[in-house]
Amino acid sequence: MKISVIGCGYLGAVHAASMAELGHDVVGIDVDRLKVEALQQARAPFYEPGFEELLARSLGSGRLRFSVDMADARDAVLHFVCVGTPQKRGEYAADLRYVEAAAESLLEVLKPGDLVAGKSTVPVGTAARLAELVRGKVPGAMLAWNPEFLREGYAVQDTLHPDRLVYGLAPGDEGQAARALLDEVYATIVAAGTPQVVTDYATAEMVKTAANSFLATKISFINAMAELCEATGADVKQLADAIGHDDRIGRKFLNAGLGFGGGCLPKDIRAFMARAGELGADQALTFLREVDNINMRRRIRMVELAREVCDGSLLGKRVAVLGAAFKPDSDDIRDSPALNVAAQLQLQGAVVQVTDPAAGDNIRRSWPQLDVVDTAEEAAHRADAVLLLTEWKQYRDLDPVAFGSVVRQKRVLDGRNALDRDRWEAAGWSYRALGRRGG
Ligand SMILES: NC(=O)c1ccc[n+]([C@@H]2O[C@H](COP(=O)([O-])OP(=O)(O)OC[C@H]3O[C@@H](n4cnc5c(N)ncnc54)[C@H](O)[C@@H]3O)[C@@H](O)[C@H]2O)c1
């Protein structure tokens, strides 16, 4: 099928290359000329495991190209909208200007029978509004909402093998025709037996924000337990293991630590609250405000813990920060808890050296005031404290014996409860972590 993908960021670029991998003829459109040039030359503009190989393969097959010109989407019959929906400045609501701009420019190339399939995460009600616009301007063109659930770090795998497909469709014949097109584009995925949820626009939009709200709540729940553990001397890791054995609860997403960040969860729960307010249902989501508060408090607590460990003052103390992306296996630093902590430490007088296997260039660009080094050993050189803030495998696997020789003080703060405490303590380190007893 001839398809276009509008917006080639973390979501769109992976989607475009994956659709070409599935055999479709794909054009990726973005307004960012540099990004389009990089993609066209098979250079990934961001770090995502397996993506560069997939991109090279798809470009090599001749089924994928990128362009800044929407006119190149004219031949496509299915147009995926994958542009960003960030938080508005100074407000909780989502900023829909990119979605609106993408829709406006798509109207210039849409033909009767074409399907616009929204993948961006949008406030409930957006699809119905855009559908009116599309039908009003191009009679016979259709709209569906097909939210995306990929996880950065697993984006290729999640796009090619999603755990479900959600279609939000218009009622009647339009919905049936849209479904047929979506089933055709995802034929391989459908044939693999992937569960499908076929529903209306509002439910499809809400599936995404509800899923993210649930995940955020689960993380903040265990982090609230971590606060209690800190107050009582209990151990949150053992607590999580114990309650996680109950399969109604489950152990996943129950790791206490520095909390969530990134370009999705924080802004999605805030946009959900804002939308609930507009709909007169704000009480239903006031709990998300507390979920957000608990999450943000962990960053403050981490800084306090670092100060405690550094004998009560951060002034002039050398602090190594291992990990800066919002999660491992990504270079995404949007609302990164690790960077938030690193910046707070620096503002409070610490000499901070940050390192990250993938996010270095992004940090240098967006946070030029932070010192970025290439390796954990450089970051930890003569450090008074080492903070693990993003649990990349190479940091989890560090040898605490050898690593102990580069620091001034063997003090490690495990912001992700990801290190083997016994090993680090056996190598002479004092080990501290959120929600756990001091050594
Ligand atoms: N990143 C994820 O893990 C993920 C997962 C699921 C859903 N989402 C959702 O997907 C959407 C995109 O997220 P992202 O992380 O890819 O964002 P991103 O910022 O990485 O990418 C957005 C892209 O859209 C482009 N763009 C903006 N306006 C445009 C226009 N008018 N025409 C063409 N291109 C335009 C930007 O240049 C950018 O490259 C968001 O709604 C997000 O919430 C993201």
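The lining of the second largest pocket, sorted by class, has five nonpolar, two polar and five charged residues. I should say at once that the model is predicted. The pocket holds about 210 Å³ of space. On its wall we find Pro45, Phe46 and Tyr47, together with Asp331, Asp356, Pro357, Ala358, Gly360, Asp361, Asn362, Arg364 and Arg365.

Where does the second largest pocket lie? Both domain 1, residues 2-199, and domain 2, residues 215-433, give residues to its lining, so the pocket lies between them.

That brings me to the two domains themselves. The domain assignment of the protein chain places domain 1 at 2-199 and domain 2 at 215-433. Taken over C-alpha atoms, their centres are separated by 33 Å. Domain 1 brings 17 residues to the contact, and domain 2 brings 20 residues.

How much area is buried between domain 1 and domain 2? The value is about 1,500 Å², and carbon and sulfur atoms give 53% of it. Within the area that domain 1 buries against domain 2, Tyr47, Tyr92 and Glu152 supply 44%, more than any other three residues. Tyr47 is also one of the residues lining the second largest pocket.

I turn next to the polar side of this interface. One salt bridge is counted between the domains. Glu152 forms a salt bridge with Arg334, and their closest N and O atoms are 3.5 Å apart. Eight residue pairs are found in polar contact across the interface of domain 1 and domain 2. On the side of domain 1 that touches domain 2, the residues divide into ten nonpolar, five polar and two charged.

Conventions. Residues numbered from 1 in each chain as written. Predicted model: local features only at pLDDT ≥ 70, side-chain atom pairs only at ≥ 80, totals over all residues. Heavy atoms only, no water. Domains from an automatic or database assignment. Contact = heavy atoms within 4.5 Å. Buried area = accessible area lost by both parts, 1.4 Å probe. Salt bridge = Lys/Arg side-chain N within 4 Å of Asp/Glu carboxyl O. Polar contact = N/O pair within 3.5 Å; in protein donor to acceptor, adjacent residues only side chain to side chain. Nonpolar A, V, L, I, M, F, W, Y, C, P; charged D, E, K, R; others polar. 1 Å grid on protein atoms, 1.4 Å probe; cavity = no way out; pocket = protein on both sides within 12 Å on 5 of 7 lines; lining within 4 Å. Points joined across faces, edges and corners; volume = space filled by probe spheres on them.
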